[in-house]
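Please keep the sequence and the 3D view side by side while reading, since the paragraphs below move from one part of the chain to another.

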Amino acid sequence: MKTVKSLQALIAARQDLPKVGWIFVDKKFDKTSVDMLIGATFHIQEDDEDEFYGEENFDTWLEAPTFLDVLELREKHLNNPTAEDYALACTHYLEMDDFLE
């Protein structure tokens with residue numbers, strides 16, 4: 001399991017995300033808090049064993065392909081989006097099950 005600290009670091013590591021599978025966060029993480037999201041610790045599975053471990057020990061956040069779609073859409077609609085812009089788009093997706101345009 002790979003650990004990434006901060007949303008900005010996760011965005012920077014996007015090319016290393018798995019093609020399928022969840023991005024995990026610590027249990028009891030407030031998925032609707034933009035501030036918490038910006039400074040969150042993310043856990044990324046590297047194999048099937050990590051996926052099972054993550055499901056038992058962490059909370060799911062977003063699936064990796066969905067996260068990449070959120071980033072791509074923000075970049076399409078905003079020039080030079082900030083970490084807060086990405087965080088708002090992620091929380092919007094989680095709350096509304098829809099992309100922020």
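Is aspartate 97 buried or exposed? In this predicted model, aspartate 97 is exposed, with a relative accessible area of 59%, which places it above the 50% cut-off used for that word. The residue is found in the segment after helix 5, and just after that helix it takes a positive phi of about 55 degrees, although aspartate 97 is not a glycine. This deserves a second look because most residues other than glycine have a negative phi.

A further positive value in a residue other than glycine belongs to lysine 28, whose phi is near 65 degrees. Lysine 28 is found in the loop between strand 2 (22-25) and helix 2, and with a relative accessible area of 80% it is exposed.

Turning back to the helix that precedes aspartate 97, one can check its length against expectation. Helix 5 covers residues 83-96, that is 14 residues, so that at 1.5 Å a residue it should span 20 Å, and its end C-alpha atoms are indeed 20 Å apart, in agreement with that value.

Which residues of helix 5 are buried? They are Ala83, Tyr86, Ala87, Ala89, Cys90, Thr91 and Tyr93, where buried stands for a relative accessible area under 20%. What covers these buried residues of helix 5 includes helix 1 (7-12) and helix 2 (34-38), together with strand 4 (59-63) and helix 4 (64-77). Helix 2 thus appears twice in this account, as part of the cover over helix 5 and as the element at one end of the loop that holds lysine 28.

Conventions. Residues are numbered from 1 along each chain as its sequence is written. This is a predicted model: local features need pLDDT of at least 70, side-chain atom pairs count only at pLDDT 80 or more; totals for chains, interfaces and linings use all residues. Side-chain values use heavy atoms; hydrogens and water are left out. Helices (H or I, at least four residues) and strands (E, at least two) are DSSP runs, numbered from the N terminus. The expected span of a helix is 1.5 Å times one less than its number of residues. Buried means under 20% relative accessible area, exposed over 50%, partly exposed in between (1.4 Å probe, protein chains only). Contact means heavy atoms within 4.5 Å.
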